[in-house]
Amino acid sequence: MSPKRRPRLPGTPAGLEPGFWRTKPLEAMSPEEWEALCDGCGLCCQIRVEDPDTGETALSDVACRFLDLCSHRCRDYANRHRNVSDCVAITPANVRDLHWLPHSCAYRLVAFGFDLPAWHHLVCGDPEAVHTRGPSMRGELVSEDEVDWAEEALGEEC
Ligand code: SF4
């Protein structure tokens with residue numbers, strides 16, 4: 001039986017070692033490698049709603065007001081923690097405990113020993129692939145500024 005082939009890696013930015021996430025522990029990554037790992041899906045910027053009875057959380061189609069709904073990147077990434085007090089910084093130390101992260105999240109995948117999917121930009125070289133072939137919900141979201149939460153809550157009760 002022939003060994004399983006890993007996908008080619010045309011997406012590695014200049015200065016980064018191709019396939020670095022396969023050999024380097026998260027803790028050993030440079031800031032550039034860490035940032036490059038993000039697939040840009042924006043799913044972590046979608047607001048979760050918690051069922052008060054069961055404690056279960058579900059992903060809403062409402063996004064943080066700082067998520068650019070076209071690029072699906074934070075509009076003020078450098079100041080995100082100042083802008084949004086409960087914006088969680090994903091780190092090598094906490095990523096395994098952030099159960100609300102999507103299963104497709106690159107940090108989560110690598111932390112649990114999985115390879116990146118074929119649509120990840122570091123693998124295929126196309127930053128759009130996360131939106132066209134990956135889990136991104138681009139085009140389906142509204143900003144939290146567009147939502148009347150009182151009306152939403154009222155609607156749910158009816
Ligand atoms: S869910 Fe993970 S991979 Fe997707 S945007 Fe957030 S941090 Fe990046």
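These legends walk through several close-up views of one predicted model.

Because the model is predicted, local features are only reported at pLDDT of at least 70 and side-chain atom pairs only at pLDDT 80 or more, while totals for chains, interfaces and linings use all residues. Residue numbers start from 1 along each chain, following the sequence as written.

**View 1. The whole protein chain, with its seven helices and three strands.** Helices (H or I, at least four residues) and strands (E, at least two) are DSSP runs, numbered from the N terminus. Going along the sequence, the pattern reads α-α-β-β-α-α-α-α-β-α. The chain has 158 residues, and 20% of them count as buried. Here, buried is when 20 or more other C-beta atoms lie within 10 Å of a residue's own, exposed is 12 or fewer, and partly exposed is in between, with C-beta atoms placed from the backbone. Of the contacts between residues at least 6 apart in sequence, 53% link residues at least 24 apart. A contact is a pair of residues whose C-beta atoms, placed from the backbone, lie within 7 Å.

**View 2. How sure is the predictor, and where is confidence lowest and highest?** The score to look at is pLDDT, the predictor's confidence in each residue, from 0 to 100. Its average over the protein chain is 90, and 90% of the residues reach at least 70. Helix α7 (residues 149-157) has the lowest confidence, with a mean of 56, whereas α4 has the highest, at 98. Look at residues 154-158 too: pLDDT there is below 50, and the stretch has zero contacts in the model beyond near neighbours in sequence.

**View 3. The ligand and the 13 residues that surround it.** To be counted, a residue needs its C-beta atom, placed from the backbone, within 6 Å of the molecule. The closest are C38, D39, C41, C44 and C105. What is the shell made of: how many nonpolar, polar and charged residues? There are ten nonpolar, two polar and one charged. In this split, Ala, Val, Leu, Ile, Met, Phe, Trp, Tyr, Cys and Pro are nonpolar, Asp, Glu, Lys and Arg are charged, and the others, Gly among them, are polar.

**View 4. An open sheet of three strands, in the order β1-β2-β3.** The pairing is mixed, and two strands pair if DSSP finds at least two bridges between them. β1 (46-50) and β3 (142-143) are the edge strands, each with a single partner, so one side of each has no neighbour in the sheet. β1 pairs with β2 (residues 57-63) in the antiparallel sense, over four bridges. Zoom in on that pair and you'll find V49 opposite A58 and E50 opposite T57. The two strands make a hairpin with six residues between them, and G55 in the turn has a positive phi of about 80°. On the other side of the pairing, β2 and β3 run parallel, joined by two bridges. A63 faces S143 of β3 there.

**View 5. The largest nonpolar core, with 19 residues.** A nonpolar core is a set of buried Ala, Val, Leu, Ile, Met, Phe, Trp, Tyr and Cys residues joined through C-beta atoms within 7 Å. L37, C105, A106, Y107, L109, V110 and L116 have the most contacts inside this core. At least two core residues come from each of α2 (31-37), α4 (106-111), α5 (121-124) and α6 (129-132). α4 gives the most, with four residues. Setting aside neighbours within four places in sequence, L37 is in contact with W21, A106, Y107 and V110. There's also a second, separate core of five residues, including V62, C64, L67 and L141.

**View 6. D68 and H72, in the loop between β2 and α3.** Is D68 buried or exposed, or somewhere in between? D68 is partly exposed, because it has 14 other C-beta atoms within 10 Å. Apart from neighbours within four places in sequence, D68 is in contact with R73 and R75. D68 and S143 sit 75 residues apart in sequence but 8.9 Å apart in space, C-alpha to C-alpha. H72, by contrast, counts as buried, with 22 C-beta neighbours inside 10 Å. H72 also has a positive phi of about 60°, although it is not a glycine. Most residues other than glycine have a negative phi.

**View 7. T91, in the loop between α3 and α4.** T91 counts as exposed because it has 12 C-beta neighbours inside 10 Å. T91 and E27 are 64 residues apart in sequence, yet 8.5 Å apart in space, C-alpha to C-alpha.

Key:
Contact = placed C-beta atoms within 7 Å.
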